[in-house]
Amino acid sequence: MIRGARAVSPPLLRSDLLADRSLRGRAFCSAFGATIESWLVDLFDEACLLAGLADHGPAEGVALVAVGGQGRSELCPQSDLDLLLLFDKGVDPDPIANGLWYPIWDTGLKLGHAVRTVRDSLSLAGDDLQTATALLSARHLAGDRRPSAELAEKARINWRRKGRTWLDELRQSVDERHRSAGEVAFALEPDLKEGRGGLRDVHALIWAREAGAEIDPRVLADLQRDHDVLLEVRVELHRSTARPGDRLLLQEQDAVAHALGLADADELMARVAQAGRAIAWASDEAWYEIGRKVTTRLGRRRRDRSVDQGLVIRDGRVALADPSAPLEPETVLRVASTAARHEVRIELGTLERLRAAPPLGSPWSAEATARFCDLLLTGPAAVPVVEALDQWGLWVPIIPEWEPNRCRPQRNAFHRFTVDRHLLEAAAEAAALRHRVDRPDLLVLAALLHDIGKGYPGDHSEVGETLARTVLARMGFDTVDVSTVCSAVRHHLLLPDVATRRDLDDPATAASVARVVGTPEQLALLQALAEADALATGPAAWGPWRAQLVERLSSLVRRNLGAPGSEQPVDASSPFPSVEQRELLESGATRVAASDDALVVVCPDRPGVVSRVAGVLALHGLEVVQATIHSEQDMVVDEFRVNVDAARGVPWDRVVVDVEKVLAGRFALQSRLAERLESSRRHRPGVHQLVPLVRFDNDGSDEATILEVVGPDTPGLLYRITRAIAEMDLDVRSARITTLGDDVVDTFYVLDSEGAKLVDAEVQHEVRRALLFALDDPA
């Protein structure tokens, strides 16, 4: 019986479902799938009738089968329909296929389709992983159930028959997918489906179990909850964007969070991170076990090996030698430090048993403190061990203050990890720098705790100092050690902030840092911590330029503190201005030159020079990371350093020509830049962490007012800021340009038109107003 296949358009049905916000996640997928598939059944029946295959009852020898994601009943709003038309030999499938595919295409639905016999389908699946896994979820939709059942049964039999081969190929595909798609838990814009910890990892474990891998059904049942969290987000992503795609972009996160009834995008990304971490951990564990059992079958099983007090390595994992023996408060840290030291995993049964370990108490025993520091000092090997403890609820009891930072997102391009993972990575980086300090244990503790305040209200450095004091006292450290680490936590941003935002040639800069640091030993600790923190943050946070500035500042501070050996020259960098540049200054000639990452301009000093050059650099899409200015006798030398894209390089020839033109008044900079900015207004928005503000500091330098401008990084921002400064008739003596993810902190050493500091409150008010207007991107 034909049920009016074309009476209701599927786009209209889909619109009704999309408008029903009560349907989320799996519930939406079920309703959407049922609606679409009811229409598909009607299409199939009509096509069979028109082809003369249903004149005397249901069609025989032909069937419509859902495979892949549709077969799993995970059809999202913008998913492809995954359909297979099966036919027996002797049946002409073309009329039915045309009666199916063309109406689907006419509606605009995306279609992945194939027309094959059961034999051809199984043959193709015999050596194609994608086809083989798609058939594992084959589900009958319409027509003759016999070929559908035959396909589903034989696909599973063949998959299990070649199980060892498929497991090896599946494991390789998982590894390759992780490398190309990145992390779900830590990426700024995660791929919900293909990323490590994504939906596909759960599918892969189900397929591995079908191939004969011994995966605990309880693990898959637990993962189903995390899988459904990501599925729910994927549904809302498709619903809000009305386009296919599985990458949760920054500009979509607020809308998705709102649709799910969450407070904000931070809560959304924390939920995604938690689900992604659980899936990734379970996936890693499962594939490790699969590989271990293959090794065991090959006759490589080893006996238990005693490695520590009451501990053995069994089947490549640290385990309790006697699981029934009483547990001590130190047992968790004993197991963890041993696993990290030997770079092996912890036996799952041991993790389960450790949940019954008594608490550490306060203060900790000497062994517990030593084991904890030993764990951190193993470096990168500690990270997966702590992740395992965290998954089993064993880490937060060790540091209860950790809880608010678990899976806490840092939604900017500067950070690549959640707060908790960043702290672990920072401790691992710090362990590699232990040779630079007298107390490596205090260094890794400072690294582990330096951002722990981010999960609490208030300034994270100040809050972190208080939290660290509580943690370290509980661990049993004396007051001197506690003060050392707490000071490092409080001032962990001191060296990089000053090095990148202040004039290092100003003696007041090093002197002010020295007063805060106090001793050469504390300076060494802060310098190592700054590097570890930056390396753990991401590639944009640490590079040769930033490292050189921090080292130069540290050398100046060491000299100020009177540390041994600090009498030697601070660095061997070229003086600024150079001898050649001084000769040009004295000659009064204009010169524009560029090489590598630097543009140097020597010209008569007049208002607007810096803004004009900055405008040309913005016009060519170059990001300024440092600007240094020196003026004398009505001449100025400006040096601009830019970020260089290794793949594209810098078109310095064109840049130099345009700078020469703009200095000569023969270049329509503002109109050209306006055109570029207009075209860039459609750029993807960033996540801005810093509130726009303008600060004046007349104490940090004896020679000039330090003017700090904070705000969102937008195209042409430096041009607008420096143009505003020029319009206020201020003389820029030097500048530091710092990009923090999607924000900037630009520092200018300025004097007024008479060569004095900006001390008048009314003048400061007008300058602030001009700069805030520039930050508001009015161009």
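This is a dialogue about reading features in a predicted model.

Visitor: What should I know about the model before starting?

Guide: The model is predicted, so local features need pLDDT of at least 70 and side-chain atom pairs count only at pLDDT 80 or more, while totals for chains, interfaces and linings use all residues. Residues are numbered from 1 along each chain as its sequence is written, and side-chain values use heavy atoms, with hydrogens and water left out.

Visitor: How many helices and strands does the protein have?

Guide: Helices (H or I, at least four residues) and strands (E, at least two) are DSSP runs, numbered from the N terminus. Here there are 30 helices and 16 strands. The C-alpha atoms fill a box of roughly 105 × 75 × 45 Å along the principal axes.

Visitor: How do I read burial, and what share of the residues is buried?

Guide: Buried means under 20% relative accessible area, exposed over 50%, and partly exposed in between (1.4 Å probe, protein chains only). Of the 779 residues in this protein, 53% are buried. Helix α21 (residues 494-501) makes a good example: seven of its eight residues are buried. Those seven are L494, L495, P496, V498, A499, T500 and R501.

Visitor: What covers the buried residues of α21?

Guide: Think in terms of contacts, meaning heavy atoms within 4.5 Å. The cover includes the helices α22 (507-517), α23 (520-537) and α24 (544-561). It also includes the strands β14 (705-712), β15 (731-740) and β16 (743-751). Across the protein, residues 24 or more positions apart account for 71% of the contacts with a separation of 6 or more.

Visitor: How are aromatic pairs classified, and how many are there?

Guide: Rings of Phe, Tyr and Trp (its six-membered ring) pair if their centres lie within 6.5 Å; planes under 30 degrees apart count as stacked, over 60 as edge-to-face and the rest as tilted. A search of the whole structure finds eight pairs. In one of them, the rings of W159 and W166 have centres 5.1 Å apart and planes at 20°, so this pair is stacked. W159 is buried at 1% relative accessibility, and W166 is buried at 2%.

Visitor: Which pair is edge-to-face?

Guide: One such pair is F186 with F417, at 5.5 Å centre to centre and 80° between the planes. This pair links distant parts of the chain, 231 residues apart: F186 is in the loop between α8 (163-181) and α9 (199-210), and F417 in the loop between α16 (382-391) and α17 (419-431). Both F186 and F417 are buried. Elsewhere, ring pairs join W364, F372, W395 and W402 into a cluster.

Visitor: What sits over the ring of W166?

Guide: A charge sits over a ring if NZ of Lys or CZ of Arg is within 6 Å of the ring centre and within 35 degrees of the ring normal. For W166, that is the charged end of K162, 4.6 Å from the ring centre.

Visitor: How many salt bridges are there, and how do I read one?

Guide: A salt bridge is a side-chain nitrogen of Lys or Arg within 4 Å of a carboxyl oxygen of Asp or Glu. The whole structure has 58. In one, E236 meets R21, with the closest N and O atoms 3.3 Å apart. E236 lies in helix α10 (residues 217-241) and R21 in the loop between α1 (10-19) and α2 (25-50), so the bridge ties together parts 215 residues apart in sequence. E236 is buried at 1% relative accessibility, whereas R21 is partly exposed at 45%.

Visitor: Where do R292 and E289 lie?

Guide: An α-helix has 3.6 residues a turn, so residues three or four places apart point the same way. R292 and E289 both lie in helix α12 (residues 265-297), three residues apart, and their salt bridge has its closest N and O atoms 2.9 Å apart. In helix α19 (residues 460-475), E465 and R469 are four residues apart and meet in a salt bridge of 3.7 Å, N to O.

Visitor: What about E330: buried or exposed?

Guide: E330 is buried yet has no salt bridge. Counting Lys and Arg as positive and Asp and Glu as negative, with His and the chain ends not counted, the nearest side chain of opposite charge is R334, 4.3 Å away. E330 lies in the loop between β7 (317-320) and α13 (331-342).
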